[in-house]
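The exercises below concern a predicted model. Work through each task with the sequence and structure at hand before reading its solution.

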Amino acid sequence: MSIRNVILCGVGGQGTILASKLIAAAAMRKGWHVMSAETIGMAQRGGSVYSNLRFGDDPIHAPLIGRGEADLLIGFEPGETVRMLPWLKPDGQVVANTGAVMPTVALLAGQTYDGKTMCDYLRQAVAPGHLLLCDGDRCRRELGTARVLNVFLLGQAVRSGALGLTEADVAAVFPDLIKPRFLVLNQQSFELGR
Amino acid sequence: MGNAAIAKGAVAAGVRFAAGYPGTPSTETLENVAKFSPPSGERGVHVEWSVNETAALEAAAGASYAGARSLVTMKQMGLNVASDPLMCLAYIGVKGGMVVMVADDPGPISSQTEQDTRRFASHAKIPCFDPSSVQEAYDMVRAAFELSEARGTPVFLRPTTRVCHAYSVVEVLDDEELPPPVAPEGFVKDSQRWVIFPGLSYRNHEKLVRRNEELSAELSDSPFNAVVAARGARFGRLGLVAGGISWALALDELDRRTETPRLFKVGTPYPFPEKAALAFLEGLDIVLCLEELDSVLEEELLKVVGKHHLPVKIIGRLTRTTRVNGENTVELVKAYLRDFLADGEVSCGTVEPPVPPPLPMRPPVLCAGCPHRASFYAVKQAMKGKKSLFCGDIGCYTLGNARPLDMVDTCLCMGAGIALAQGVWRVEPDTTCFAFVGDSTFFASALTGIVNAVYSGADLTVVVLDNSTTAMTGHQPHPGTGRTIRGDVAPRVSIEGILRGIGLATVETVDPLDLPAAVATVRRVAAEPGVKAIVFRSPCAVLAKPGPALRVDPDRCIGCGRCAKELGCPALSLRERPDSGRKLAVIDETQCNGCGLCAGLCPVGAIGKGEQQA
């Protein structure tokens with residue numbers, strides 16, 4: 001497979017890093033070259049975070065993805081998805097959660113911020129047929145916790161076809177990276193909305 | 001992860017002693033050494049979080065004097081702390097190989113400065129390896145140990161964030177391929193070797209210079225430094241030099257082109273491989289340098305060009321062809337190459353999406369339920385209306401600077417807040433001065449400042465924010481936690497005991513989440529004369545077992561917004577009631593850990609446990 005560039009973005013604490021590691025591990029099992037870069041450190045405390053993930057048969061030198069080069073953007077938060085949209089290829093795929101996370105500073109500054117404006121913008125800016133908006137709140141409603149949002153979005157991304165990996169490819173690495181007591185919950189989340 | 005690859009490489013190289021102090025982006029290296037090595041046996045490794053970088057480097061030097069291979073890990077700011085012993089150690093040298101891994105942070109993403117350890121290497125006359133990928137980081141750490149032991153010198157390995165925190169497939173040696181373990185020879189008494197004196201330094205200085213000249217020639221043949229011939233004839237008189245992640249970014253971009261200039265990859269920026277550089281420069285007209293932080297490669301090339309009277313133009317940061325600060329991104333490297341090659345062969349037609357709606361800033365904030373928020377709030381309440389100064393320090397609690405808390409007036413470097421407060425107080429004695437310091441920072445570098453403040457007769461309050469971990473870097477233990485990096489029990493050093501030992505008459509410990517008690521303690525302690533201390537002790541919200549989330553009773557909430565606006569807790573927000581449009585406080589139950597700070601603040605008692613939330 002030619003190099004696939006994937007960006008995951010969201011708010012620190014939403015679990016982008018685990019989702020990125022699951023994809024990377026699944027790509028490694030295919031025998032592909034894999035490189036990724038993570039936001040680790042201060043921004044993890046509720047700041048904007050993103051992961052760059054690159055894999056495929058061709059040689060890869062650097063883990064970073066340039067503007068207009070991402071095949072797939074997995075957005076955990078609508079505003080953060082909009083922030084990273086310039087990195088998407090013109091015909092790239094977006095898989096985005098509709099649930100907004102209100103930034104504390106916006107609240108204090110009296111700014112309004114709602115995910116709906118962001119989702120409307122995504123509908124306008126992403127090429128037709130390349131936007132999949134997901135109701136991530138289903139994790140909380142149907143599984144009782146928002147902590148598996150990452151694996152829910154991963155499932156949606158896999159089924160969009162833009163990841164270049166199958167459900168079986170990704171599910172196979174769950175036991176390597178997810179603690180046994182959370183395994184079933186994550187599998188349920190992965191399959192939610194299938 | 002790059003840091004894990006470095007750890008794996010160090011273990012493969014037979015490291016026996018590994019020490020460091022946490023700091024982004026270096027932290028995971030030492031944790032992975034502990035993971036990849038047994039604590040005892042013939043391949044056993046002693047791994048420790050030292051109290052600071054100076055202690056780590058000195059302890060590792062001792063282990064190397066005794067013949068063991070040692071690794072020291074830190075971020076670039078930590079190298080400043082460790083520079084006193086390191087500058088001297090460069091002259092004394094080591095017996096067992098010693099690698100000093102210093103992670104640089106272009107951006108900076110999580111640091112106070114954009115300093116360049118390659119520059120420090122030439123300042124200290126210590127060889128330096130600069131990996132461009134995770135694989136090369138693994139290969140280089142092993143080569144660095146070999147070089148260190150062969151030449152009896154500490155050696156730098158300086159990855160940057162994009163190597164430390166990059167993940168990639170790495171080929172490593174199998175356990176069967178590892179060289180047999182070597183038992184360290186032990187320390188051999190030799191005062192002519194291990195005791196630094198002016199005469200010894202005079203003699204060794206000349207040896208260092210000669211050795212580095214030899215290394216420059218040797219390293220010219222190293223696979224880490226490579227000259228790659230131009231592809232095609234079009235750019236035959238152009239050259240590109242790069243090191244670190246800039247090299248990898250350049251290769252990704254050049255892979256898209258059919259014709260490329262001559263390339264020079266520098267993996268050992270110090271000593272600079274002059275012989276290889278001469279071969280690279282032969283017949284070129286102009287050379288573009290791609291690097292981050294300082295213009296190290298550019299200046300080295302200028303030296304070579306000047307020394308050998310070569311008619312080659314060198315461009316880069318000094319000519320302002322490339323940016324002097326921040327990271328080299330994919331876009332920047334693409335633009336530099338496009339301009340340099342002026343070939344119009346732009347690889348990717350980016351279509352900018354329509355103008356997006358305004359995006360809110362999302363700076364990092366203290367977590368929901370963070371005890372630091374309660375501590376800052378208590379001091380703020382107690383000092384309301386009084387002329388006061390709040391000196392901050394390095395750690396999660398630097399985030400206390402953000403509104404609405406706005407409780408960090410200064411922040412300089414690890415442990416500086418106390419002496420800073422002392423200096424301000426001396427000039428403005430009518431100011432009530434506070435110095436906030438975290439528990440790990442307290443042990444690392446606060447003690448000198450406190451002793452100084454006591455001795456100088458200052459009047460200030462030291463506030464220790466003790467969440468019983470080094471939280472910002474990912475929860476490393478420290479001397480106050482009673483645990484080691486391997487999770488074993490260690491002697492626990494008492495913060496209060498140290499403060500009393502220094503001579504502070506007033507040292508009070510209080511739970512910051514008990515707001516009335518915390519405010520009363522601040523008022524009482526701050527009124528005492530001289531240097532006094534408050535220890536706010538409450539575990540980090542990420543580690544503590546969360547209590548049940550609090551809920552807002554919509555019938556009682558008057559929508560005043562005091563909870564959200566005074567605390568800035570990310571779990572709290574205000575929403576408009578669909579029926580009346582009046583405001584209603586809302587608690588995000590996935591984030592709330594039930595710390596109760598907002599409940600204590602609510603003027604109508606609308607926040608509590610188990611109420612129904614709208």
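**Exercise 1. Aromatic pairs**

How many aromatic pairs are there over all chains? Take one pair, Phe129(B) and Phe224(B), and classify its geometry.

Solution. Step 1: the count over all chains comes to 13 aromatic pairs. Step 2: the ring centres of Phe129(B) and Phe224(B) are 5.9 Å apart, and their planes meet at 85 degrees. Planes over 60 degrees apart count as edge-to-face, so this pair is edge-to-face. Step 3: place the two residues. Phe129(B) belongs to strand β5 (residues 128–129) of chain B, while Phe224(B) is in the loop between α9 (198–219) and β8 (226–228) of chain B; the pair therefore ties together parts 95 residues apart in sequence. Step 4: both Phe129(B) and Phe224(B) are buried.

**Exercise 2. A further pair and a cluster**

Classify the pair of Phe264(B) and Phe272(B), then state whether its members are buried or exposed.

Solution. Step 1: the centres of Phe264(B) and Phe272(B) are 6.3 Å apart with 75 degrees between the planes, which is edge-to-face. Step 2: the relative accessible area is 0% for Phe264(B) and 6% for Phe272(B). Buried means under 20%, so Phe264(B) is buried, and so is Phe272(B). Step 3: elsewhere in chain B, ring pairs link Phe376(B), Phe390(B), Phe434(B) and Phe436(B) into a cluster.

**Exercise 3. Charges over rings**

Which ring does the charged end of Arg67(A) sit over, and which ring does that of Lys8(B) sit over?

Solution. Step 1: in chain A, the charged end of Arg67(A) sits over the ring of Trp87(A), 4.5 Å from the ring centre. Step 2: in chain B, the charged end of Lys8(B) sits over the ring of Phe36(B), at 4.4 Å from its centre.

**Exercise 4. Cysteines**

Why does Cys540(B) form no disulfide with Cys396(B)? Treat Cys563(B) in the same manner.

Solution. Step 1: a disulfide requires two sulfur atoms within 2.5 Å. Step 2: the closest cysteine sulfur to that of Cys540(B) is in Cys396(B), 6.4 Å away, which is too far for a bond. Step 3: for Cys563(B) the closest is in Cys598(B), at 6.3 Å, again too far. Step 4: the search of the whole structure finds 0 disulfides over all chains. Cys540(B) is buried at 7% relative accessible area, and Cys563(B) is buried at 8%.

**Exercise 5. A β-α-β unit**

Describe how β16(B) and β17(B) are joined, and give the handedness of their unit.

Solution. Step 1: 4 bridges join strand β16 (residues 507–510) to strand β17 (residues 531–537), both of chain B, and the strands run parallel. Step 2: Glu508(B) has Ile534(B) in β17(B) as its bridge partner. Step 3: together with helix α18 (residues 515–526) of chain B, β16(B) and β17(B) make a right-handed β-α-β unit.

Terms used
Residues numbered from 1 in each chain as written. Chains lettered and ligands numbered in written order. Predicted model: local features only at pLDDT ≥ 70, side-chain atom pairs only at ≥ 80, totals over all residues. Heavy atoms only, no water. Buried < 20%, exposed > 50% of the residue type's maximum accessible area, 1.4 Å probe, protein only. Pairing = 2+ DSSP bridges. Helix = DSSP H or I, 4+ residues; strand = E, 2+ residues; numbered from the N terminus. Right-handed = clockwise from strand over helix to strand, strands pointing away. Phe/Tyr/Trp six-rings, centres within 6.5 Å; stacked < 30°, edge-to-face > 60°. Lys NZ or Arg CZ within 6 Å of the ring centre and 35° of its normal.
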